[in-house]
Amino acid sequence: MLIAAICALIAVATCFSVSIGAVKIYPADIFKIIVNKTSGQEVFACTWEANTETIIWNIRLPRILLAGIVGAGLSVCGVLMQALTKNSLADPYVLGISSGASAGAVCAIIVGCFDFMGGYSTIFGATLGAVLSISLSLAIASLKGKITSTQLVLAGIATSALFSALTNLLIYGYHTGSDKTKTAQFWMVGSLSGASWSKAKYVAIVFAVAIVLIMLFARDLDMLLLGDDVAESLGVNTRRIKMVIILSATVLTGVVVSVSGVIGFIGLVVPHIVRSIVGSRHKALIPAVILSGGLFTMLADALSRVIAAPQELPIGIISALIGAPFFLYLIRTSRTR
């Protein structure tokens, strides 16, 4: 029932997001253009403005699709981090993954050290940064032998601070005011303005592979929440499941951050809300989180385009304005129970 309700809301949000903007488009025209494009023939005669089809198919629909995948990816990463640290308030930033991805992407944008990757330089830089950051976090956490959740969180905080400092150093140390630094600064607060079908396709493929891998270990994730000792007594290979979590979250965060910039609170708030509704069983939790995270990001992106129209606000600002107060409310209510 919940899944059906969210899917219906996503359909409404998609229609709303496509229709609003600098150019207003009527829902009937949206339907006709999509049918013509997907069918490969002119089912409906053209009764709309010449540029309407370009706006819908090449600008707004790829952006909406990318917003949905980005929100779903960040939310799933939040679920994985919460299972790994056994902390319902954890997210990809806890282990420094997002900060590392940000540093790698900014390095690609400003320095251009990954230009040999062509159009995928930012994606490559972000993924490499995410891998380096989680590797550093694991190395720091393992200095005293066995890695515990507390050590991993503390190491992640230190790693996050380090990569955030490196990112700021790159931005403010490289010709402040240039087009590259302006692009990096805008990207740092989240933006989906560069969305395209090719980017959406690439992120969708990575996301689909990660979800299939994660769902294969849904039962192991449930057991992991009971504690490492209990999970091992139930036959779970905790070392393997932790590596699956880290690998999936690292690659997925790196790819998502590379196309959207830094968008906070989605991976923190959405899993927490959905878990309070559907429970902690990952077989039900993950699909609900995917849809809810996608819906949240689609709506946040739509708001970012209309609040200050014709200017566009970074989506990270909208997500923080919505997510932070709601997250504080969740903390307050959880303490009073």
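There are two cavities of 30 Å³ or more in this structure, which is a predicted model.

I'll take the bigger one to start. The largest cavity holds about 70 Å³ of space. Its lining is made up of 14 residues, and the closest to the centre are Leu74, Tyr93, Ser98, Ile263 and Gly264. Two helices, α11 (238-260) and α12 (266-278), each give at least two residues to that lining. By class, the lining of the largest cavity has eight nonpolar residues, five polar ones and one charged one.

Now the other one. The second largest cavity has about 30 Å³ of space. Around it you will find Leu80, Ile214, Phe217, Leu221, Ile241, Val244, Ile245 and Ser248. Helix α11 gives the largest share of this lining, with four residues. Seven of the lining residues of the second largest cavity are nonpolar, one is polar and none is charged.

On to the charged side chains. Side chains of opposite charge can pair when their charged atoms come close. In this model the count is eight salt bridges. I'll go through some of them.

Take Lys37 and Glu53, whose side chains form a salt bridge at 3.4 Å, N to O. What does this pair tie together? Lys37 sits in helix α2 (residues 27-39) and Glu53 in helix α3 (residues 52-85), so the bridge joins parts that are 16 residues apart in sequence. Lys37 is partly exposed, at 36% relative accessible area, and Glu53 is partly exposed too, at 29%.

Next is Asp220 with Arg240, a salt bridge in which the closest N and O atoms are 3.9 Å apart. Asp220 belongs to helix α9 (residues 218-224) and Arg240 to helix α11, with their positions 20 residues apart in the chain, and the pair links these distant parts. Is each partner buried or partly exposed? Asp220 counts as buried, at 12% relative accessibility, whereas Arg240 counts as partly exposed, at 43%.

Helix α11 comes up again with Lys242, which forms a salt bridge with Asp228. Here the closest N and O atoms are 2.7 Å apart. Because Lys242 is in helix α11 and Asp228 in helix α10 (residues 228-233), this pair ties together parts that are 14 residues apart in sequence. Both Lys242 and Asp228 are buried.

The last item is a group of four. Which residues are linked in a network of salt bridges? They are Arg63, Asp301, Arg305 and Glu312.

To recap helix α11: it helps line the largest cavity, it gives the largest share of the second largest cavity's lining, and it carries Arg240 and Lys242.

Key:
Residues are numbered from 1 along each chain as its sequence is written. This is a predicted model: local features need pLDDT of at least 70, side-chain atom pairs count only at pLDDT 80 or more; totals for chains, interfaces and linings use all residues. Side-chain values use heavy atoms; hydrogens and water are left out. On a 1 Å grid over the protein atoms alone, a cavity is a set of points where a 1.4 Å probe fits but cannot get out, and a pocket is an open set with protein on both sides within 12 Å along at least five of seven lines; lining residues have an atom within 4 Å of a point. Grid points are joined across faces, edges and corners, and a volume is the space filled by probe spheres set on the points. Ala, Val, Leu, Ile, Met, Phe, Trp, Tyr, Cys and Pro count as nonpolar, Asp, Glu, Lys and Arg as charged, and the others, Gly among them, as polar. Buried means under 20% relative accessible area, exposed over 50%, partly exposed in between (1.4 Å probe, protein chains only).
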